[in-house]
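Please look over the structure below. The report that follows takes up selected residues first, then sheets and helices.

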Amino acid sequence: MWGEGKKKTRFYQADLIETSRTLGNPGCGWYHVYTFFVISQDQQKSSLYLDEGSENEQLVLLLMDIGAFRKQELSGAALSYVEEILRFFQKNNKQMILRFAYDTEGKGAEKEPQSLSLVKQHMKQIGGLVRKYAKEILLLQGIFVGSWGEMHGSKFLYQKAMAELVNTLYKATEKSCYLAVRTPAQWRAILAYKGTEPGLADRLTVFNDGIFGSSTDLGTYDTGNRKEKGDLVPWSREEELLWQNDLLKGKPNGGEVLLGDPPVGYEKAVEDLRQMHLSYLNSVHDLKQLRFWRNETVKERGCWRNLSGYEFIGRHLGYRFTIADARVLKKGQLRITIENCGFAELCAETECFLILETKDGSASYQLIDTDARKWMSGEKTILRADLPQEAAEERCRLFLRLKRKCDGTVICFANDSVGKDVMLGEFR
């Protein structure tokens, strides 16, 4: 039996206190937009920079205007410049949201190619670069067409064309990152098309650049209901939020907030953003709405009390894992309770380790059987691990570590702890 035959130690749980600090974890948070006009590498080198305000942000949105190639394939120089951009942000440790567009002035139909086949060819040309930098790319927004690449104001937004473009992009990127369309109705129309690629539903999400701008998020939703309208058109805000709460679990969803009339306070915003499983937001647009949140004071108790609504929202974008409890059960099994307090879920594969550190400073690592992508927003998850015999017989400390498989990045827990590993407790 575990711990029998020798003097047994006793487990003392650490102070698992929640923290309100910014965690800086990958794949979520605030972002800045960087706009580039893709012509050639030599002409555009001087435009590579980092905004001062984005130094503490992990994400960037790269809006690449390829309108100069509306009548021809992308040149080798243009592709070299795109790679130079990707390499620059890779070196600066930024995870990228990409959007390619033929227009950045609100003239989508005027500036996009005349043929669908050329749009597809551009997607195929871009696909190789996306695959090459896939570890640093969170998702691709849009299907290249429409004003600002936002899938409105284009002649290619009928069901067949949207489905063909998304399928082309999906195959060109070889499932290496998520793809996002502008509205839930577009998502449903594309997935309902008979020629949809197998597996696309798992990699397709949405983005919303009109959040709170009106009762319909500036046309993202409508006023009718699903029963009356069917699946291929926008529904009411309430029904679309329920749809997102169900269909977008485990997928990155984000965009921009706008000042509506009346403005939306942080408490109502939190309700909606949680249903949307929101992972990321523009940190400079709309400044009027963001200032409105900055001027609000959080009413919740605990570590969040007296912070601003802006801080509360920003630090809940994406996933936010808090270790709520750790205790030893009979037969030497450790039970750990983790709560995801964030608006969304983790999208990347991870490994979770239980670390046993003895008094002489040596450490052993035990892989815990769990998938952190299934630690759902607003829910608690129980982890279990069998403790080694020595834990019952000598002084030692237990820690938990979570890291991404793709690059080994350690994901911070929202506990008040020293370092990136959280101490669960100790045997003494």
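In this predicted model, His122 contacts Ile66, Phe69, Gln72, Glu73, Leu74, Tyr102 and Phe144, leaving aside its neighbours within four places in sequence. His122 belongs to helix H4, residues 116-132. Is its side chain buried or exposed? His122 is buried, because its relative accessibility is 0% and the cut-off for buried is under 20%. Phe69 also offers a polar partner: its backbone oxygen lies 3.4 Å from a polar atom of the His122 side chain.

**A buried serine in a loop**

Ser377 sits in the loop that runs between strand S13 (363-368) and strand S14 (380-386). Ser377 counts as buried, since its relative accessibility is 13%. Which backbone oxygens does the side chain of Ser377 reach? One belongs to Gly342, at 2.6 Å. Another belongs to Phe343, at 3.3 Å. Gly342 and Phe343 are also among the residues in contact with Ser377, beyond its neighbours within four places in sequence. That list further holds Arg274, His277, Asn340, Ala344 and Glu345.

The polar contacts described for the two buried side chains are set out here.

| Side chain | Backbone oxygen | Distance |
|---|---|---|
| His122 | Phe69 | 3.4 Å |
| Ser377 | Gly342 | 2.6 Å |
| Ser377 | Phe343 | 3.3 Å |

**Cysteines**

How many disulfides does the model hold? The count is zero. A disulfide is a covalent bond between the sulfur atoms of two cysteines. Why is Cys177 not bonded? The closest cysteine sulfur, in Cys347, is 12 Å from the sulfur of Cys177, which is too far for a bond. The cut-off is 2.5 Å between the sulfur atoms. Cys347 is in no disulfide either. The cysteine sulfur nearest to that of Cys347 is in Cys28, 9.0 Å away. Cys177 is buried, with a relative accessible area of 2%. Cys347 is buried too, with a relative accessible area of 18%.

**The barrel**

Eight strands close into a barrel. Their order is S2-S3-S4-S5-S6-S7-S8-S9, and the pairing is parallel. Neighbouring strands of this sheet are turned by 30° against each other on average, with direction ignored. Strands of a sheet pair through backbone hydrogen bonds, either parallel or antiparallel.

Some of the pairings can be followed residue by residue. S2 and S3 run parallel and share seven bridges. There, Val33 stands opposite Leu61 in S3. Strand S8 (residues 254-257) pairs in the parallel sense with strand S9 (residues 280-282) over two bridges. Gly255 has Leu281 in S9 as its bridge partner. S9 also joins S2 through three bridges, again parallel. In that case Gly29 is matched with Tyr280 in S9.

**Helices against the barrel and each other**

Helix H2 (residues 76-91) lies across strand S2 (29-37), strand S3 (59-65) and strand S4 (95-101). H2 runs at about 170° to S3. Helix H6 (residues 184-192) packs on the sheet as well, touching strand S6 (178-181) and strand S7 (204-211). The direction of H6 makes about 155° with that of S7.

H6 meets two further helices described here, H5 and H9. Helix H5 (residues 159-173) and H6 have axes that come within 9 Å and cross at roughly 80°. H5 and H6 are therefore roughly perpendicular to each other. On the H5 side, Gln159, Met162, Ala163 and Val166 take part. They meet Gln186, Ala189, Ile190 and Ala192 in H6.

The axes of H6 and helix H9 (residues 237-247) come within 11 Å and cross at roughly 60°. H6 and H9 are therefore oblique to each other. From H6, Pro184, Ala185, Trp187 and Arg188 are involved. Their partners in H9 are Glu240, Trp243, Gln244 and Leu247.

**The open sheet**

Five strands form an open sheet in the order S1-S16-S15-S12-S13, with antiparallel pairing. Which strands stand at the edges? Strand S1 (11-13) and S13 do. Each has a single partner strand, so one side of each is left without a neighbour in the sheet. From one strand to the next, the twist averages 25°. Within this sheet, strand S15 (residues 396-404) and strand S16 (residues 422-427) run antiparallel and are joined by five bridges. Arg397 stands opposite Glu426 in S16.

Technical notes
Residues are numbered from 1 along each chain as its sequence is written. This is a predicted model: local features need pLDDT of at least 70, side-chain atom pairs count only at pLDDT 80 or more; totals for chains, interfaces and linings use all residues. Side-chain values use heavy atoms; hydrogens and water are left out. Helices (H or I, at least four residues) and strands (E, at least two) are DSSP runs, numbered from the N terminus. Buried means under 20% relative accessible area, exposed over 50%, partly exposed in between (1.4 Å probe, protein chains only). A polar contact is a pair of N or O atoms within 3.5 Å; within protein, one must be able to donate a hydrogen and the other to accept it, and residues adjacent in sequence count only if both atoms are side-chain atoms. Contact means heavy atoms within 4.5 Å. Two strands pair if DSSP finds at least two bridges between them. Axes are lines fitted to C-alpha atoms, for helices over the stretch in contact, and angles run from 0 to 180 degrees between N-to-C directions. Angles under 35 degrees count as roughly parallel, over 145 as roughly antiparallel, 65 to 115 as roughly perpendicular and the rest as oblique.
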